[in-house]
Amino acid sequence: MIEVVNLTKSFGDLQVLKGIDLTIEQGEKVVVIGPSGSGKSTMLRCLNCMEDPTSGQILYHGVNLADMHVDINEQREKIGMVFQHFNLFNNKTVLENIMLAPVVTQKKHMKKLRRQQKQNKSADVEILTNAQIKARAKENALSLLERIGLADKADAYPSQLSGGQKQRVAIVRSLAMHPDVMLFDEPTSALDPEMVGEVLEVIRDLAKSGMTMVIVTHEMGFAREVADRVLFMDEGIILEQGTPQEIFENPQHPRLQEFLSKVL
Amino acid sequence: MGNFSRKVERFLEVFINAGGYVRVLEGLKNTLLIAVLGLVIGLAIGTLIATVRVLPKYKRLPRVLNGFCSFYVELFRGTPMVVQLLVFYYVLLPLIGVKMTSVAVSVVVFGLNSAAYISEIMRSGIQSVDPGQMEGGRSVGLSYANTMLRIVIPQAIKNILPTLGNEFIALIKETSVVSFVGATDLYVAFNYIGSNSYEFMVPYLVMAILYILMVLIISLLVKWMERSLRKSDRGR
């Protein structure tokens, strides 16, 4: 589903990623661990070109996202991302946060469809009016909020939510686009300890539903629980990878052994 | 004080009977028209310039546009408004052979001038918004322009509202230079009353009070807007 070929990324003179090769299968849960500055967040952010790769390819369903001619916005509709600091839209209510992207992108698609239909009169596709698009997005948003138990916060602004609530809303904001894959960039690192649980719960449910996920995290217990595969990154390369058992119970590389002895 | 009340009488006489109020109303209308339209044009162009100036610069087109915009800003900030007005009215328009009323020219010049200042205000406003807001928008598939327009700029405007209010107040006050190209503003109107009553104390006093009143009203409006825009902040 996602294939990373010889990915490198430099910020000025500093080379953060030194050649990453990685294949992520449909439905797979990949957890990335490693010390700070190892490049794990940068690697994740390259997967949807939030950072433009310096060289290499990111093949998503065969489309190279690193190619400047690819419409990256369209591709990102199917790649959800959750940030350490939530990044909810501060000037929008919870409901508007979830509805905004589906409504805007749907309108764009409908415009395209209408144009196609004009050229080719036989094309028989359902065209939604703006009101229908909005109604559906709202329905979907409310049912997503229901799912995470925050339906009563629909009209609240992000500043009125706790960290855990913000992150749960941020997760469903991504889900509202019906993504194929979800990227999590240290989703619990900015949370109070007592709120970590509620966010992990949502991610765990999502994992059970079969979503393809790439998770950068420092929660080793959680990594062990949900991962199909664990990657250990250090100094811009993937040093070791394997099943949670292999990585946590029988680490091979001395660097990984040292890292685990410090964090476990 | 008997002297002063006689002056007030003379002022009122010219103000009411000799058509002074018509000119004052016209001056008031022009002042507000030039300042408000100037602000609107300035906001539109200024926001555009600010957006260009915060664009990522690794492609050639943004770099060229950015160069052009900073030239524009330096040009309009580097010359006095009066000079811009005179150059527009007496140099540029005759050169290209376009006829415009002096009020219309003033609106254009005030708009272009405030665009230069507002672009810098807006740029600092945009840069004060957490970059995470842009990333949040881009991550769900919104375009750069869409995220800018719907997420970043509304938050930027909220941050810079007091400074924008200042800019508007400055524009109101600076309308007193449009008489250089023959437009009637408050100064021209009260000057007319003064010369016709041979008495300048009261007209200029009333003029000053009118300016202060306008500025006070604007300050109140800005405060009210700030309060209503703050509803998305913590602890409303």
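This passage describes the fold of chain B, one of its helices, a leucine of chain A and the cysteines in a predicted model.

Chain B is built from helices: nine of them are assigned, with zero strands, so the order of elements from the N terminus reads α-α-α-α-α-α-α-α-α. The radius of gyration of this chain is 22 Å, well over the 18 Å that the globule rule gives for 236 residues, and chain B is therefore more spread out than a compact globule. Along the principal axes, its C-alpha atoms occupy a box of roughly 75 × 55 × 25 Å.

Of the 236 residues in chain B, 43% are buried. When contacts within the chain between residues at least 6 apart in sequence are considered, 76% of them link residues at least 24 apart. The exposed area of chain B comes to about 12,400 Å², with carbon and sulfur atoms contributing 68%. As for charge, chain B carries 23 positive and 13 negative side chains, and 8 Å separates the centres of the two sets.

Helix H6 of chain B, residues 131–139, deserves a closer look. Seven of its nine residues are buried, so this helix is largely enclosed by the rest of the structure. The buried positions are B:Gly132, B:Gln133, B:Met134, B:Gly136, B:Gly137, B:Arg138 and B:Ser139. What do the buried residues of H6(B) pack against? In chain A, their partners are helix H2 (72–76), strand E6 (79–82) and helix H5 (163–175), while in chain B the partner is helix H7 (144–174).

Contacts between the two chains also appear around A:Leu100, a residue of helix H3 (residues 94–119) of chain A. With a relative accessibility of 9%, A:Leu100 counts as buried. Leaving aside neighbours within four places in sequence, A:Leu100 touches A:Phe89 in its own chain and B:Leu142, B:Arg150 and B:Ile151 in chain B. A:Phe89 is 11 residues away from A:Leu100 along the chain, and the C-alpha atoms of the two are 9.8 Å apart.

Turning to the cysteines, zero disulfides are counted over all chains. Why does A:Cys46 not form a bond with A:Cys49? The closest cysteine sulfur to that of A:Cys46 belongs to A:Cys49, and because the two sulfurs lie 7.1 Å apart they are too far for a bond; the cut-off for a disulfide is 2.5 Å. A:Cys46 is buried, at 0% relative accessibility. B:Cys69, at 8% relative accessibility, likewise counts as buried.

Definitions and conventions: Residues are numbered from 1 along each chain as its sequence is written. Chains are lettered from A and ligands numbered from 1 in the order in which they are written. This is a predicted model: local features need pLDDT of at least 70, side-chain atom pairs count only at pLDDT 80 or more; totals for chains, interfaces and linings use all residues. Side-chain values use heavy atoms; hydrogens and water are left out. Helices (H or I, at least four residues) and strands (E, at least two) are DSSP runs, numbered from the N terminus. The radius of gyration is taken over C-alpha atoms; the globule rule is 2.2 Å times the number of residues to the power 0.38. Buried means under 20% relative accessible area, exposed over 50%, partly exposed in between (1.4 Å probe, protein chains only). Contact means heavy atoms within 4.5 Å. Accessible areas come from the Shrake-Rupley method with a 1.4 Å probe; for residues, only the protein chains shown count as cover. Lys and Arg count as positive and Asp and Glu as negative; His and the chain ends are not counted. The place of a charge is taken as NZ of Lys, CZ of Arg, CG of Asp or CD of Glu.
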